[in-house]
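Dear colleague,

Please find the structure below, handed over for your consideration. My findings follow it.

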Amino acid sequence: MTGTAERTERDEPVGVLGGLGPAATVHFLARVVELTDAVRDQDHVDLLVWQHGSIPDRTSFLLGSGESPEPALVADTVALERAGARFIAIPCNTAVVWVEQMRASVGIEVLDTVAVTVAAARAAVPGLRRLGVLATDGTLLAGTYAGAAAAVGLELVLPAPDVQREVMDVIYGGVKAGVPVPRERFDALVRHLRERGAEVVALGCTELSVLAEDLGVDDPRVVDSIDALARRVVQRAGAPLRP
């Protein structure tokens with residue numbers, strides 16, 4: 001015997017590729033802690049966090065301006081694997097556009113935030129048929145939610161163009177800019193999708209997750225991508241979920 005305890009997978013940290021945006025990552029980390037059924041520090045999930053806020057804006061690039069974030073996302077994925085991460089979570093929906101490139105660069109699992117969120121929506125409402133999504137222009141243009149929904153037989157419900165402009169202003173002019181957003185603006189977005197036939201509304205942008213937390217939104221038919229990802233991380237890491 002060497003006196004050194006044998007390491008198990010449970011001892012290896014979960015990689016978090018964060019900063020996309022920074023406040024969303026901090027909220028994600030808090031939710032991982034809050035959702036873990038722990039009575040002592042040692043019961044929590046070990047996390048290896050790369051808070052890389054200077055990665056080029058994903059939506060700007062997808063809309064035709066700015067630098068591609070792909071090289072930085074791939075490099076960060078590789079760096080997290082080399083640092084010892086056993087799998088990687090990305091608390092950002094738009095970054096999922098490049099998830100296959102990130103997966104191809106490493107030998108560990110990279111979670112798909114969009115697919116995890118769609119799965120959470122289906123779990124929230126058994127027999128779900130129509131899923132509404134509030135997300136950035138870049139995420140909608142890339143079609144990640146459309147692809148994930150179609151793969152499980154769901155119809156996607158998206159905002160009308162004028163309402164989508166309001167979604168972008170809430171995200172960029174509100175949450176990302178640190179400007180308070182009244183509850184009425186958030187509720188109007190959700191109500192719009194419900195009026196269009198959505199049975200569940202997914203918050204497909206992590207800034208909207210931050211906003212929902214700030215506003216105290218508690219609606220089982222509003223599915224939060226950060227909560228969905230945090231729950232998946234806790235489960236995948238082998239820790240118990242808080243009841």
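The notes below cover the largest pocket and then two residues.

This is a predicted model, in which local features need pLDDT of at least 70 and side-chain atom pairs count only at pLDDT 80 or more, while totals for chains, interfaces and linings use all residues. Residues are numbered from 1 along each chain as its sequence is written, and side-chain values use heavy atoms, with hydrogens and water left out.

The largest pocket (on a 1 Å grid over the protein atoms alone, an open set of points where a 1.4 Å probe fits, with protein on both sides within 12 Å along at least five of seven lines) has a volume, the space filled by probe spheres set on the points, of about 540 Å³. Among its 24 lining residues (an atom within 4 Å of a point), Val-222, Val-223, Asp-224, Asp-227 and Arg-231 are the closest to its centre. Helix H11 (225-236) is one of the elements giving two or more residues to this lining, and H11 gives the most, with five. Helices here are DSSP runs of H or I with at least four residues, and strands are E runs of at least two.

Phe-186 lies in helix H9 (residues 183-195). Its relative accessibility is 2%, so Phe-186 counts as buried (under 20% relative accessible area, 1.4 Å probe, protein chains only). Leaving aside residues up to four places away in sequence, its contacts (heavy atoms within 4.5 Å) include Leu-203, Leu-215 and Val-222.

Thr-36 sits in the loop between helix H1 (22-35) and strand E2 (47-51). Thr-36 is also buried, at 0%.

Yours sincerely

Terms used
Buried < 20%, exposed > 50% of the residue type's maximum accessible area, 1.4 Å probe, protein only.
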